[in-house]
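Me: I would like a close look at one part of this model: the salt bridges. Start with some context on burial, then go pair by pair.

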Amino acid sequence: ADMSNTMSIAEAMALWRDTRLDWYLMLRGIQHVTPTGLQLTRLTAGETIAPVETIPCRTVSMFLSGKAAGREADEDVQRLNRELTKFGYFTNVMASSDVKRFAATDAAAGRGMRVFDIECRFNPQKLVKPAPVAPGRRR
C-alpha cells in the first residue's frame, strides 16, 4: 500500500510539473512583443483548478496593465493584444487575449497618456495521466 501511495504522489507531482507554464519563456515573449510606445505597469497571473468537461484541469489567466503614449497608442495596444496569441511560445499555450480597457488617464500630468488592461486566458491543462496505448495502436 505504501508503494502505491508513493507512486500516486510521484505521478501527481509529475502531472503538476508537466502542466505548468514556462514563465521564463512567457516573460521573454512579452518583452519581445511589447511595442516601444507601451509601458507595462503590472502583470498578474492567477491559476484555478476546475473541471473542464468533467476532467480536472489547471487553468491560468494573466492580466497586463500599462500606459500608452503617442499617436499610435491605440494601434500599439491592439498589436500587443494580437501578438500575445500569435508569437512563438504563445501560440501553443494561449487560448485568448482581450483588451478590457483603453482609456485616457485621469491625471492632469498625463495629457495624451492612455491606460490599458489586457486579459489573457491560457489553454486548460488536463491533470490526468494519459491512458496507456495498447500494443500495435497509435495515438
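What percentage of the residues in the protein chain is buried? And which side chains meet in salt bridges?

Reply: This is a predicted model. Of the 139 residues in the protein chain, 27% are buried. The chain has four helices and five strands. Their order along the sequence is α-α-β-β-α-α-β-β-β.

Now the salt bridges. The structure holds eight. One of them joins Glu-47 to Arg-58, with the closest N and O atoms 2.9 Å apart. Glu-47 lies in strand S1 (residues 38-52) and Arg-58 in strand S2 (residues 55-69), so this pair ties together parts eleven residues apart in sequence. Burial splits the two partners. Arg-58 has a relative accessible area of 7%, so Arg-58 is buried. Glu-47 has 41%, so Glu-47 is partly exposed.

Next, Arg-82 and Glu-75. Their side chains form a salt bridge at 2.9 Å, N to O. Arg-82 is partly exposed at 37% relative accessible area. Glu-75 is partly exposed too, at 35%.

Then Asp-22 and Arg-20. Here the closest N and O atoms are 3.7 Å apart. Asp-22 is partly exposed at 24% relative accessibility. Arg-20 is also partly exposed, with 45%.

There is a network as well. Salt bridges link Lys-100, Glu-119 and Arg-121.

Disulfides add nothing to this picture: the structure holds zero. Two cysteines are nonetheless buried: Cys-57 at 3% relative accessibility and Cys-120 at 0%.

Key: Residues numbered from 1 in each chain as written. Predicted model: local features only at pLDDT ≥ 70, side-chain atom pairs only at ≥ 80, totals over all residues. Heavy atoms only, no water. Helix = DSSP H or I, 4+ residues; strand = E, 2+ residues; numbered from the N terminus. Buried < 20%, exposed > 50% of the residue type's maximum accessible area, 1.4 Å probe, protein only. Disulfide = S-S within 2.5 Å. Salt bridge = Lys/Arg side-chain N within 4 Å of Asp/Glu carboxyl O.
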